[in-house]
Amino acid sequence: MNPTATDNLQACFKLDRPGFSLDVDITLPNRGVTAIFGHSGSGKTSLLRCIAGFEKAAYGHLTFEGQTWQNGKTFVPTHRRPLAYVFQEASLFNHLTARKNLTYAQRRAGHDGPVVGLDDIIDLLGIRKLLEQYPSQLSGGERQRIAIARALMNRPRLLLMDEPLAALDQARKQEILPYIETLKREMHLPILYVTHAPEEVARLADTLVAMEKGRVVALGGLTETLAALDFPIRLGEESGVVIPAVIAEHDPQWQLIRVNFDGGSLWLRDNQTTIGDFVRIRVLARDISLALDGNHASSITNTLPATIDEIGQDEHPGLALVKLKVGSTFFVARVTRRSLHHLKLSVGETTWMQIKSVALVQ
Amino acid sequence: MFFSEADIHTLLLSIKLATVVTLILLILGTPIAWWLSQTRSRFKGVVSSIVALPLVLPPTVLGFYLLLAMGPHGLLGQLTQWLGLGTLPFTFEGLVVASVFYSMPFVVQPIQNAIEGLGQRPVEVAASLGASPLDTFFTVVLPLAKPGFITAGILGFAHTIGEFGVILMIGGNIPEETRVISIQIYDHVESMNYAEAHKLAATMVVFSFAVLLTLYTLTRQTHNKTQIHAP
């Protein structure tokens with residue numbers, strides 16, 4: 001994260017609504033995907049709407065790449081901000097075909113965002129066959145792909161996405177996520193992505209902003225923030241870490257791949273990857289168990305020695321979260337307090353992690 | 001059915017009046033409806049009430065105050081005299097001004113309802129894509145709320161055609177200047193000329209029915225959510 005004011009987004013808002021208040025003061029990087037994560041009612045959408053200029057906070061200070069969008073009496077209206085916004089549910093203009101929705105955005109495009117060709121965007125989102133349809137003739141997933149394409153045609157310098165997948169069923173989500181990953185990879189466009197789904201955070205986010213009750217409760221790089229035992233939002237079964245890794249080896253006989261991370265390597269299912277690909281893997285806290293030695297015969301493929309870095313509280317008093325260090329990478333395991341006691345595990349000791357499941361998330 | 005020459009004049013005058021008033025109301029009422037649909041101002045209630053007032057006021061009351069306002073000592077009257085236009089009562093222009101007030105709610109409300117029915121979403125989407133409010137109005141709101149505008153135009157026209165009390169108060173009964181259908185029917189009845197009255201009255205019934213039928217058919221076809229406040 002670059003601290004200079006000219007190449008990031010600084011947002012400070014105080015907004016009071018009946019039964020809800022938003023009070024944030026944050027600086028966000030202007031590259032990659034920043035996930036604004038929280039449960040419903042946490043104020044994440046309100047924050048995004050303030051940044052877009054749909055809501056006018058009573059007190060607001062907002063600068064993007066050195067341009068002031070809001071400060072005191074200054075309030076740049078939404079249509080003069082070089083941003084685009086993808087809404088949760090269908091937001092296509094119903095009186096226009098998909099193609100005309102795209103050209104509507106193209107004609108009003110800012111002139112300083114990344115140059116994009118209509119054809120490139122159409123291919124990026126796989127929507128060529130849908131162009132002559134009206135929104136009412138499209139499925140929810142198709143409409144959302146058109147909406148994302150339309151936002152990109154506007155050549156924004158900042159893309160705001162408000163739970164773009166929340167209104168879709170699981171199959172549709174899986175259909176659209178790869179497109180968002182591609183767009184993240186191929187377009188050099190900062191994205192603010194509001195979501196309440198840990199899976200989307202794991203797959204997409206580089207930076208994580210966690211919100212609760214209208215306040216920012218954690219902010220930082222995804223890997224460090226998720227590995228912090230005091231991560232303030234209860235994720236329950238979804239607690240875990242996301243680790244950057246690179247594909248190192250294919251094992252065609254057993255249909256497995258080996259990925260290297262900073263400090264070790266793990267085996268996981270082959271998913272048609274290429275050696276050298278940068279990926280991220282997600283290991284859930286519930287999938288790690290601890291043992292005193294690594295020699296027991298077991299069906300578990302991944303057993304790694306690790307140092308206990310920290311032991312913290314979990315939601316349930318009988319459970320503990322254990323932060324483990326392998327090389328310079330951290331894992332978090334959820335184990336019972338009784339096991340910790342029986343195994344006599346404490347901070348600084350070396351133990352063996354048995355990892356039951358590793359997911360390739362990107 | 002054939003009409004006397006005098007009846008034809010009143011018919012043409014009524015149609016001319018309704019056409020002019022409808023056009024003025026669509027131009028004048030649209031920004032008012034747009035403002036009412038978008039504003040969070042505390043004056044919204046006041047403006048809404050003023051617009052809706054003709055719905056509940058007896059036309060004679062409205063006509064009476066318009067007569068005073070447009071008269072030589074009224075505010076409107078002084079303005080028109082200062083502009084060198086004389087005073088408006090008992091002129092066609094006077095009827096137009098009065099009818100604009102009288103039919104205002106029938107045009108503003110359907111447009112406002114149609115725009116409010118769209119919600120803020122299309123407006124926000126357009127803004128996020130760089131469309132100015134004016135651009136948004138013409139390229140997004142107008143096409144999406146079209147059924148509401150059609151309803152407004154038809155209702156405004158039909159309501160103006162049928163008006164009586166206000167016109168009687170401020171327009172009197174001057175042939176080819178202010179004598180519209182409803183006044184003519186009243187005159188025929190006053191002079192016991194029922195056959196002539198029937199011709200015009202029946203024409204009005206057929207016309208009104210045709211208007212409403214068109215309106216409801218159109219409304220069903222376009223599946224719009226615009227509410228119709230039948231007169």
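Two strands pair if DSSP finds at least two bridges between them; strands (E, at least two residues) and helices (H or I, at least four) are DSSP runs, numbered from the N terminus. The model is predicted: local features need pLDDT of at least 70, and side-chain atom pairs count only at pLDDT 80 or more. Residues are numbered from 1 along each chain as its sequence is written.

**Exercise 1.** Determine the order of the strands in the open sheet of chain A, and describe its edges and the pairing of S10(A) with S11(A).

*Solution.*
Step 1. The six strands of this open sheet follow the order S7-S8-S9-S3-S10-S11 in chain A, and their pairing is mixed.
Step 2. S7 (83-86) and S11 (215-221) of chain A each have a single partner strand, so one side of each lacks a neighbour in the sheet.
Step 3. S10 (residues 207-212) and S11 of chain A run antiparallel and are joined by six bridges. Within this pair, Thr207(A) has Gly221(A) of S11(A) as its bridge partner.
Step 4. Helix H4 (residues 140-153) of chain A packs on the sheet, touching S7 and S8 (158-162) of chain A, where contact means heavy atoms within 4.5 Å.

**Exercise 2.** Explain why Cys12(A) forms no disulfide with Cys50(A), and state whether each is buried or exposed.

*Solution.*
Step 1. A disulfide is a pair of cysteine sulfur atoms within 2.5 Å.
Step 2. The closest cysteine sulfur to that of Cys12(A) belongs to Cys50(A), 11 Å away, which is too far for a bond. The structure holds zero disulfides over all chains.
Step 3. Buried means under 20% relative accessible area, exposed over 50%, and partly exposed in between (1.4 Å probe, protein chains only). Cys12(A), at 11%, is buried, and Cys50(A), at 0%, is also buried.

Definitions and conventions: Chains lettered and ligands numbered in written order. Heavy atoms only, no water. Axes fitted to C-alpha atoms, helices over the stretch in contact; angles between N-to-C directions.
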